[in-house]
Amino acid sequence: MLQVKLIVTGDDFGYCPRRNQGIVDCFLAGAVSNVSLLVNGSAAADAAKLARRYNIPIGLHANLSEGSPVCEVLKTNSSLLNQDGFFHGKMGFRTALSKGLLNMSEVKQELKAQVELFHELTGHLPPHMDGHQHIHVLPEVRHVFAEVLEEYGIKYTRVPIEPGLHNCDWIPPSLMDFYLGVEEDSFNTVDVFTRHGISVPSSGYRWPDIYIGLSTMGKNMSVSNIWSAIDTAIVEFTSKASLPAHPTPQSRTVTIELMVHPGYPSVPPVGGCGDGPDDFSQSWERLHELQTLIKPELQSHYKTRNIQLCSFKDL
């Protein structure tokens with residue numbers, strides 16, 4: 001039987017105390033196996049302490065779109081900031097980038113500052129580093145992001161290309177347009193990351209064989225949707241002779257990352273990354289993800305299908 005190693009990554013660790021508690025509860029229930037820390041989150045220090053206390057594998061969720069920078073010199077008069085003094089936002093960042101308004105040297109400065117703060121909070125460099133709201137696969141940014149991974153020797157990252165995404169008819173057209181944009185950016189990122197030595201077969205795979213998480217996010221998460229996404233992805237993977245990131249996949253082991261966002265809803269004004277919690281963090285959808293992930297039938301499915309939960313450091 002094909003062995004599957006599944007990394008279930010709880011994103012946005014550090015966003016607020018209630019998010020932290022929800023992610024920890026999922027980890028202790030065996031439903032989350034890895035977390036990604038927002039170092040500019042209002043509860044980042046608390047999150048780092050919880051990770052140490054419960055031995056939770058933790059990486060960096062690099063953030064250039066929500067809240068405030070951690071680099072002191074970029075907190076004023078920076079191209080990364082809007083007129084209110086915060087990052088431009090998920091879509092605002094993309095608009096500013098497309099207009100050529102963002103200084104890539106400032107992007108690199110902030111990314112490096114976040115890696116350094118992660119080290120300060122946790123006592124070690126991040127084993128993996130991805131991008132909040134998928135900013136790390138955007139044009140220009142992807143090159144700078146790869147340079148930072150290479151400079152710090154960060155071994156693993158995320159490439160959000162989800163098999164079967166085009167067939168998910170429950171996703172609203174506006175959201176699907178965003179997801180397909182993320183997918184296109186990700187395809188264009190593979191070569192960039194490869195050129196920077198992030199995917200070198202002799203030194204191990206640098207991102208999992210399969211990414212899942214767009215089709216199962218928020219209200220769209222269900223046990224059946226997770227099952228279906230995993231099954232679809234494995235069938236597609238095993239039917240191909242090769243993948244861009246892994247030219248000759250001969251192993252009987254397939255690695256998958258499932259991106260999740262569990263937690264208890266944020267209660268304003270507590271939370272956020274400097275400008276308060278957003279609507280999604282306050283919604284019931286975070287709790288819905290938590291309740292879905294800890295369902296016994298999902299855990300039972302993993303065991304039946306020979307799916308082993310692990311973290312990036314276990315690859």
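This passage walks through two helices, the cores, the aromatic pairs and a few single residues of one predicted model.

The model being predicted, local features need pLDDT of at least 70 and side-chain atom pairs count only at pLDDT 80 or more, while totals for chains, interfaces and linings use all residues. Residues are numbered from 1 along each chain as its sequence is written, and side-chain values use heavy atoms, with hydrogens and water left out.

Helix α5 is a handy place to start. Helices here are DSSP runs of H or I with at least four residues, strands are runs of E with at least two, and both are numbered from the N terminus. The expected span of a helix is 1.5 Å times one less than its number of residues. For the twelve residues of α5 that gives 16 Å, and the end C-alpha atoms are 17 Å apart, which agrees. Val141, Arg142, Val144, Phe145, Ala146, Val148, Leu149 and Tyr152 are the buried residues of α5, where buried means under 20% relative accessible area, exposed means over 50% and partly exposed is in between (1.4 Å probe, protein chains only). These buried residues pack against β3 (58–62), α3, α4, β4 (129–131) and α6. Just after α5 comes Gly153, with a positive phi near 70°.

Not every residue of α5 is tucked away. Glu151 also lies in this helix, but its relative accessibility of 44% makes it partly exposed. Setting aside neighbours within four places in sequence, Glu151 is in contact (heavy atoms within 4.5 Å) with Lys108 and Lys112. Glu151 and Pro208 are 57 residues apart in sequence, and their C-alpha atoms are 21 Å apart in space.

Next up is helix α6, which has 23 residues (173–195); at 1.5 Å a residue it should span 33 Å, and its end C-alpha atoms are 34 Å apart, which agrees. There is still a kink of about 30° in α6, centred on Thr189; the bend at a residue is the angle between axes fitted to the seven residues ending there and the seven starting there. Among the buried residues of α6 are Met176, Phe178, Tyr179, Val182, Thr189 and Phe193. Their cover includes α3 (90–98) and α5 (141–152). Phe178 has a charged visitor: Lys90 lies over the face of its ring, at 4.4 Å from the ring centre. A charge sits over a ring if NZ of Lys or CZ of Arg is within 6 Å of the ring centre and within 35 degrees of the ring normal.

What about the cores? A nonpolar core is a set of buried Ala, Val, Leu, Ile, Met, Phe, Trp, Tyr and Cys residues joined through side-chain atoms within 4.5 Å. The largest has 77 residues, and those touching the most other members are Phe13, Leu37, Leu111, Met129, Ile230, Ile256 and Leu293. Helix α4 (residues 104–122) gives this core its largest share, eight residues. A second, separate core has ten residues, including Cys168, Met176, Tyr179 and Val182.

A search of the whole structure turns up four aromatic pairs. Rings of Phe, Tyr and Trp (its six-membered ring) pair if their centres lie within 6.5 Å; planes under 30 degrees apart count as stacked, over 60 as edge-to-face and the rest as tilted. Phe145 and Phe193 have ring centres 6.1 Å apart and planes at 25°, so this pair is stacked. Phe145 belongs to α5 and Phe193 to α6, so the pair ties together parts that are 48 residues apart in sequence. Phe145 is buried at 0% relative accessible area, and Phe193 counts as buried at 0% too. Together with Trp207, these two form one aromatic cluster. Tyr156 and Phe312, with centres 5.5 Å apart and planes at 35°, make a tilted pair. Tyr156 sits in the loop between α5 and α6 and Phe312 in the segment after β7 (307–309), so this pair links parts 156 residues apart in sequence. Both Tyr156 and Phe312 are buried.

Two loop residues round things off. Thr216, in the loop between β5 (210–212) and α7 (223–239), is buried at 0% relative accessibility. Val270, in the loop between β6 (253–260) and α8 (279–282), is partly exposed at 45%. Leaving out residues up to four places away in sequence, Val270 touches Cys16, Pro17 and Pro277. Val270 and Pro17 are 253 residues apart in sequence, yet 8.2 Å apart in space, C-alpha to C-alpha.
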